[in-house]
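Please open the structure in your viewer and keep the selection tool at hand. The tour below proceeds by selection, with a short account of what is found at each stop.

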Amino acid sequence: VSQSRYGNLVFWGATNTSGRYGTLFSGSAAGTTGNLGKNYNSDTAISELYAGRYIGIVKLANNKWYCFGRNSTNDLAPCSTQIASRPNAGAWVQFHDSWSMVKVSTSEVNTAILREDGTLWVWGKNGFGQLGTVNTNTSTVPIKIGGSSQWTEVAVSLRSGYAVKSDGELWSWGNNTSGLLGIGNTTAGYYGLQKVDVSNIDSNY
């Protein structure tokens with residue numbers, strides 16, 4: 001998925017299985033391209049785009065947030081429970097303004113958002129403990145990560161998540177296989193928030 005200079009979205013790649021491109025239909029041919037913008041409002045420019053395997057999240061120039069994609073119990077969870085009404089697969093659904101989203105990160109199976117109040121929330125599948133709940137229980141509702149309201153950046157992956165606080169501290173959570181969490185060891189397991197010691201990082205990196 002890519003954004004054109006006109007503020008609409010262009011997609012290409014695999015078939016539109018489960019409405020992952022937000023085109024309101026399924027079965028488009030693999031390798032072809034299409035225009036997503038006209039399916040919502042071609043006159044409203046898209047300012048930010050976040051794409052996962054089965055979910056897309058966009059921010060419009062009017063600061064409204066929308067999601068589209070596969071309508072499973074996990075991928076569009078906030079759109080189908082606390083944040084907005086449950087959509088049909090492929091439909092564009094607006095996040096409620098009350099969530100005051102400022103930043104988003106989405107992976108193959110989970111999503112995280114930062115809110116204006118500085119809090120961090122995650123939801124989705126949790127087979128690798130990537131929600132930071134120290135278990136593998138999937139969540140179809142947003143879960144608050146930690147008690148801080150000072151988060152400024154967030155990035156999530158298939159197995160782990162990372163966030164930065166306003167004081168520059170880096171924190172991680174999830175599965176530590178192969179040392180993914182950067183906590184000085186490779187002990188596998190499901191971890192809650194862990195502070196990453198960056199004091200020994202080579203300044204040349």
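Helices (H or I, at least four residues) and strands (E, at least two) are DSSP runs, numbered from the N terminus. The model on display is a predicted one, in which local features need a pLDDT of at least 70 and side-chain atom pairs count only at pLDDT 80 or more, while totals for chains, interfaces and linings use all residues. Residues are numbered from 1 along each chain as its sequence is written, and side-chain values use heavy atoms, with hydrogens and water left out.

**The whole chain**

Begin with the entire chain, which has 1 helix and 15 strands. Of its 205 residues, 44% count as buried; buried means under 20% relative accessible area, exposed over 50%, and partly exposed in between (1.4 Å probe, protein chains only). A contact means heavy atoms within 4.5 Å. Among the contacts in the chain with a separation of 6 or more, 38% come from residues 24 or more positions apart.

Next, colour the chain by pLDDT, the predictor's confidence in each residue, from 0 to 100. The chain averages a pLDDT of 74, and 66% of the residues score at least 70. Over residues 1–8 the pLDDT is below 50, and this stretch has 24 contacts in the model beyond near neighbours in sequence. Residues 80–87 also have a pLDDT below 50, with 30 contacts in the model beyond near neighbours in sequence. Where pLDDT is low, the predicted coordinates should not be read in detail.

**Strand β5**

Select residues 55–60, which form strand β5. Why is β5 described as largely enclosed by the rest of the structure? The reason is that 6 of its 6 residues are buried. In a regular strand the side chains alternate between the two faces of the sheet. Both faces of β5 are covered: Ile55, Ile57 and Lys59 are buried on one side, and Gly56, Val58 and Leu60 are buried on the other.

Now add residues 46–51, strand β4, to the selection. Two strands pair if DSSP finds at least two bridges between them. Strands β4 and β5 run antiparallel and are joined by 5 bridges, and a hairpin of 3 residues connects them. Within this pairing, Ala51 has Gly56 of β5 as its bridge partner.

**Strand β6 and its neighbours**

Proceed to residues 65–69, strand β6, which pairs with β5 in the antiparallel sense over 5 bridges. Gly56 stands opposite Phe68 in β6, and the bridge partner of Ile55 in β6 is Gly69. The hairpin of β5 and β6 has 4 residues between the strands, and there Asn63 takes a positive phi near 70°.

Strand β6 is also largely enclosed by the rest of the structure, because 5 of its 5 residues are buried. Trp65, Cys67 and Gly69 lie on one side and Tyr66 and Phe68 on the other. Extend the selection to residues 93–94, strand β7, which runs antiparallel to β6 and is joined to it by 2 bridges. The bridge partner of Cys67 in β7 is Val93.

**Val104**

Select Val104, which lies in strand β8 (residues 101–106). Val104 is buried, with a relative accessible area of 6%. Which residues does Val104 touch, not counting residues up to four places away in sequence? They are Tyr50, Ile57, Trp65, Thr111, Ala112 and Ile113. Val104 and Ile57 are 47 residues apart in sequence and 8.0 Å apart in space, C-alpha to C-alpha.

**Two serines with positive phi**

Most residues other than glycine have a negative phi, and most peptide bonds are trans. Select Ser100, in the loop between β7 and β8; its phi is near 45°, a positive value. Ser100 is partly exposed, with a relative accessible area of 26%.

Then move to Ser178, in the loop between β14 (170–175) and β15 (190–196). The phi of Ser178 is positive, near 65°, and at 65% relative accessibility Ser178 counts as exposed.

**The largest pocket**

On a 1 Å grid over the protein atoms alone, a cavity is a set of points where a 1.4 Å probe fits but cannot get out, and a pocket is an open set with protein on both sides within 12 Å along at least five of seven lines; lining residues have an atom within 4 Å of a point. Finish by selecting the lining of the largest pocket, which includes Lys59, Asn63, Trp65 and Ser100.
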